[in-house]
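Grab a coffee and take a look at the model below. We'll start with one piece of it, then zoom out to the whole thing.

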Amino acid sequence: MSTSADPLAALGSLPGVADSVDSVRKAVDRVYGHRVMRRRSTEVTSEAALRGARGSAALSGADWALEEVRRRTDFSNDAEALTVGAALRLTAEAGQLLSIWRQSPLRVLARLHLVAAGGAAPDDSVGRPRFAGEAVDEPLLELPLPGADEVAGRLEGLSQLIIAGGSAPALVTAAVVHGELLALRPFGSYNGLVARAAERIVLVGSGLDPKSICPAEVGHAELGRAAYVAALDSYVSGTPEGMAAWVAHCGHAVELGVRESTAVCEALQRGAA
């Protein structure tokens with residue numbers, strides 16, 4: 001990530017990024033203008049949360065059918081169930097952390113990891129960035145793992161950017177938070193789930209999606225793990241083109257989340273959901 005005075009704003013000015021930002025804003029505005037949102041927005045939010053959790057779990061290797069996620073009550077049986085349970089808990093918790101994020105993002109990230117790991121046996125590595133030599137269990141990601149010192153420095157830099165604020169569009173900030181956490185994998189487990197929950201916090205807390213009805217996780221899952229990893233590779237390259245490609249990928253994911261919630265609105269309007 002750039003070390004200029006306002007690297008997020010600089011990223012927002014890259015070719016193609018402004019188009020992604022504009023396209024996402026228009027898509028979000030359209031679903032917020034749906035007539036169902038005037039009286040049944042809480043139902044849309046609840047359904048978006050469920051579908052977003054399912055999508056995030058799928059990207060971490062637990063690709064369950066939506067109805068299986070909806071009906072299941074016990075998420076303690078195996079690794080996939082633990083992943084789905086963690087995704088559901090994170091989705092529920094994210095909305096409680098919005099007021100803390102801008103003041104103490106590292107505290108929020110620690111809390112997210114604690115919540116994600118709630119279904120596993122607790123140990124002293126939960127809720128803190130990993131130490132040198134500690135292993136990381138992160139399925140599907142095979143990028144080189146940064147050392148603990150680099151993780152600490154980059155987390156602090158990310159935290160300072162968030163606290164300082166700036167003029168960068170919400171999509172850009174959300175994409176960078178998501179990309180940095182995936183690249184760093186600061187925790188011993190559940191980094192993907194935490195990264196996507198943090199992306200959601202930024203999108204909601206920024207005011208782009210205040211009712212949390214545009215689940216980017218749905219879009220990321222729909223685009224597929226191969227495209228997700230390829231886009232992350234572009235981000236990790238650190239080139240302007242690579243960073244822009246990652247932002248565009250995240251923007252496309254949000255638009256697909258919008259499409260999902262638009263379909264929910266249409267179903268509610270027809271009385272079919």
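In this predicted model, helix α8 has these buried residues: Ala148, Val151, Leu155, Leu158, Ser159, Leu161 and Ile162. Try looking straight down the axis of α8: the buried residues sit within an arc of 160°, so they line one face of the helix. What's behind that kind of spacing? An α-helix has 3.6 residues a turn, so residues three or four places apart point the same way.

Now flip to the face of α8 turned away from the buried side, and you'll find the exposed residues Asp149 and Ala164.

So what do the buried residues of α8 pack against? Here are the partners:

| Packing partner of α8's buried residues | Residue range |
|---|---|
| α1 | residues 7–12 |
| α6 | residues 98–101 |
| α7 | residues 105–116 |
| α9 | residues 170–184 |

As for its dimensions, α8 covers residues 148–164, which makes 17 residues. From first C-alpha to last it reaches 24 Å, close to the 24 Å expected at 1.5 Å a residue. Right after α8 comes Gly165, with a positive phi near 75°.

Time to zoom out. The protein has 13 helices and 0 strands. Its radius of gyration is 18 Å, close to the 19 Å from the globule rule for 273 residues, so the protein is as compact as a globular protein of that length. Its C-alpha atoms fill a box of roughly 55 × 45 × 35 Å along the principal axes.

Of the 273 residues, 51% count as buried. On the outside, the protein exposes about 11,900 Å², with carbon and sulfur atoms supplying 53% of it.

Technical notes:
Residues numbered from 1 in each chain as written. Predicted model: local features only at pLDDT ≥ 70, side-chain atom pairs only at ≥ 80, totals over all residues. Heavy atoms only, no water. Helix = DSSP H or I, 4+ residues; strand = E, 2+ residues; numbered from the N terminus. Expected span 1.5 Å × (residues − 1). Buried < 20%, exposed > 50% of the residue type's maximum accessible area, 1.4 Å probe, protein only. Arc of directions from axis to C-beta. Contact = heavy atoms within 4.5 Å. Rg over C-alpha atoms; globule rule 2.2 N^0.38 Å. Areas by Shrake-Rupley, 256 points an atom, 1.4 Å probe, with all protein chains shown as cover.
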